[in-house]
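Here are a few exercises to help you find your way around a new structure. Take a look at the model first, then try each task before reading its solution.

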Amino acid sequence: MKPDSPSPLSSSLFASLCTIALLAAPAQAQANLYVAYPPNTHETTANQIFLIGTAPKGGVVQVNGQAIARNAAGHFAPSFPLQPGKNEFVVTYGDQQVKLNVTRISPSPQLNSLAFAKDSLTPAVPLGRLPKEWICFGAIAPQGATVNVQLADAGSFPLQPQTRSVDLPPNSAVLIQQNQPIPVVAPNAYQGCIRVATAKNLGKPSFELTLAGTTTRQEGPASVQILSPTQLEVAEVTVDAGTARTGPSTDYSRLTPLPKGTQATITGYEGDWVRLDYGGWIKRSEVQVRPASVPPSSLIRSITSRQVGNWTEIIFPLQVPVPVSVQQGDRAFTLTLHNTTAQTDMIKLSTDPLIARLDWQQVQPGQVQYVFNLKTNQQWGYRLRYEGTSLVLSLKHPPQGRSGVRDRGSGRSQSKPLKGIKILLDPGHGGPEDSGSKGPTGYPEKDVTLKVSKLLSKELQQRGATILMTRTEDVDLGLKERVEMIDREQPAIALSLHYNALPDNGDALNTKGVATFWYNTQAHSLAMFLHNYLVRTLKRPSYGVFWNNLALTRPTVALSVLLELGFMINPDEFEWIVNPKEQQRLAKVLADGVVEWFSSRNGLSQ
């Protein structure tokens, strides 16, 4: 799942894995031969492709003259190897025929005789670093060439051929158990690094390639600057939650979001990203940059707390809004303030329904850590914000559940174990632009997630829960709007319902099962419990439980879990997915699982 956008074929989980265009199809079973995936003229870097489709029962479906297996409903999902370049598939059923052209493209740049490969020179974007930091350059050039880089005021230095290296598959490879390091033979890769001791603008590097006595030169695409430690700039976060990462692109992992107003010194930049002094990177579009005579830093002295509604708020008075980090455990919440020095001699933390004790220490110069020891083994949510220069940490109290409520009509005792519990349901995908994954008949994920979510809503309401849904119709709804609803409504739990697909190199025919995803530690127990409960009670295969950085698992104000309830692209599991009786049974079992989990949490007030 690209954590931030959906994909036409894949579920939200796999939207970042491949860009897919699917043929439109009616929801009902096809009366003719139908291929749902891949579309004609599909391009991929994978070494194989699966063909998803259906045809009437009986008869034989062939691919390039070879008969393929189908299930009892007539659906098929075989995989075929791909050769580099164009691959033609002819699918036939009786006198019906579907032709597909799939192109396997190379992820490596193409080389000409005496030139650098297109777009291979790095750095590819403007780069800023502090004095004496390593700055690395790279190029793709013909084997046996001599490659040098010329930098203004820094002289010339060689790039050495990198004959062997190790590459790592994308994160998604863990989903198909192909995540091991890959030895790479790269005779055309050239790299070299230097360090420059003084601040200066080095401009754009000049790359020089010499082969068989002939030399060619090419200007690098981006300039390089060595920043002055005495003339640094400050970045102030201008969005509600600045997205901090471990490196300068969305490929890097997320850190704790930075509350609006956070200030930190800029110690480097790369393209549209700036590096902050505590180590995180953030987009320029999320900060305001200004000159500063001194780096932002703060003292901290006394700390107080207060109860506001269903939250405990802890106030940290600071001189400057500093970067923060959060770490959760089963019975502890740890907050770290960066660029901060403690002068603390007094903390006021009265009897609290959630916090047993607060411990703190200056773990290293400029870094103060606060550990909140909790009374329960379940955390229910948190928020961070700045009020002026004071940091406010809000910790959510356990929900107030009720049971054994009497029915007003009959006077009989009715079991309402979820009375007083607010639950948000998010039917994945929706609208004409986001159908989600599709089964062999073209039946879209968006329809089944909405149907099952409505069934689940009724089951949960019968058990006393207050239900909110991000959508109740087939409408376009972005991830941002769904997340904003969770933040606004602050439910006890939020469940996002989806059905699965695979990247091109997956095995659609033999992959099935329930998968569950969580991100914040507070949601781990719920994710594990519901996953195991569904697998055990429904006797469904388990695809696994995953920590995953997804938009619908990131909210911190609620326990947010994303469920992939089966594989749309698996011929047999698809029949289970669209079976109305099984949909009703799934909804009932999932509602029972929610009740069982709440009853197992000793932090829930009864």
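**Exercise 1: How far to trust the model**

Over which residues does the pLDDT stay under 50, and how many contacts beyond four places in sequence does the model have there?

*Solution.* Keep in mind that this is a predicted model. Start with the chain as a whole: its mean pLDDT is 91, and 92% of its residues reach 70 or more. Now look for the weak spots. One of them is residues 1-29, where the pLDDT is below 50, although the model gives this stretch 99 contacts beyond near neighbours in sequence. The stretch that answers the task is residues 403-413: pLDDT stays under 50 there, and the model has 17 contacts beyond four places in sequence.

**Exercise 2: Strands in the middle**

Find the strands that pair with β44, and say in which sense each one runs.

*Solution.* First, locate β44 at residues 559-567; nine of its nine residues are buried, so the strand is largely enclosed by the rest of the structure. Next, check β41 (residues 493-500), which pairs with β44 in the parallel sense over seven bridges. For a spot to look at, take Ala494, whose bridge partner in β44 is Ser560. Then turn to β42 (residues 514-518), which runs antiparallel to β44 and is joined to it by three bridges. Here Ala515 stands opposite Glu564 of β44.

**Exercise 3: Both sides of β41**

Is β41 buried or exposed, and what about its two faces?

*Solution.* Count the residues: eight of the eight in β41 are buried, so this strand too is largely enclosed by the rest of the structure. Now split them by side. Ile493, Leu495, Leu497 and Tyr499 sit on one face, Ala494, Ser496, His498 and Asn500 on the other, and all of them are buried. Finally, add another partner: β39 runs parallel to β41, with five bridges joining the two. Ile423 stands opposite Ile493 of β41.

**Exercise 4: The nonpolar cores**

Which helix gives the most residues to the largest nonpolar core?

*Solution.* Begin with the core itself, which has 47 residues. Among those with the most contacts inside it are Ile423, Leu460, Ile493 and Phe598. The helix you want is α5 (residues 580-600), which gives nine residues. To see the packing up close, pick Leu460: leaving out residues up to four places away in sequence, it touches Leu418, Ile423, Leu425, Ala465, Ile467, Ala591 and Val594. Apart from this core lies another, of 46 residues, with Ala36, Ala501, Ala508 and Leu550 among them.

**Exercise 5: Rings**

Why does the aromatic pair of Tyr443 and Phe574 tie together parts that are apart in sequence?

*Solution.* The whole structure holds 17 aromatic pairs. In this one, the rings meet edge-to-face, 6.5 Å centre to centre and with 65 degrees between the planes. Tyr443 lies in the loop between β39 (422-427) and α1 (445-462), while Phe574 is in helix α4 (residues 571-577), so the pair ties together parts that are 131 residues apart in sequence. Both rings belong to buried residues: the relative accessible area is 14% for Tyr443 and 3% for Phe574.

For a last step, look at some other rings. Phe517, Tyr543, Phe546 and Phe567 form one aromatic cluster. The charged end of Arg540 sits over the ring of Trp576, 4.1 Å from its centre, and Arg383 lies over the face of Trp311, at 4.0 Å from the ring centre.

Key:
Residues numbered from 1 in each chain as written. Predicted model: local features only at pLDDT ≥ 70, side-chain atom pairs only at ≥ 80, totals over all residues. Heavy atoms only, no water. Core = buried A, V, L, I, M, F, W, Y, C linked by side-chain atoms within 4.5 Å. Buried < 20%, exposed > 50% of the residue type's maximum accessible area, 1.4 Å probe, protein only. Helix = DSSP H or I, 4+ residues; strand = E, 2+ residues; numbered from the N terminus. Contact = heavy atoms within 4.5 Å. Pairing = 2+ DSSP bridges. Phe/Tyr/Trp six-rings, centres within 6.5 Å; stacked < 30°, edge-to-face > 60°. Lys NZ or Arg CZ within 6 Å of the ring centre and 35° of its normal. pLDDT = per-residue confidence, 0-100.
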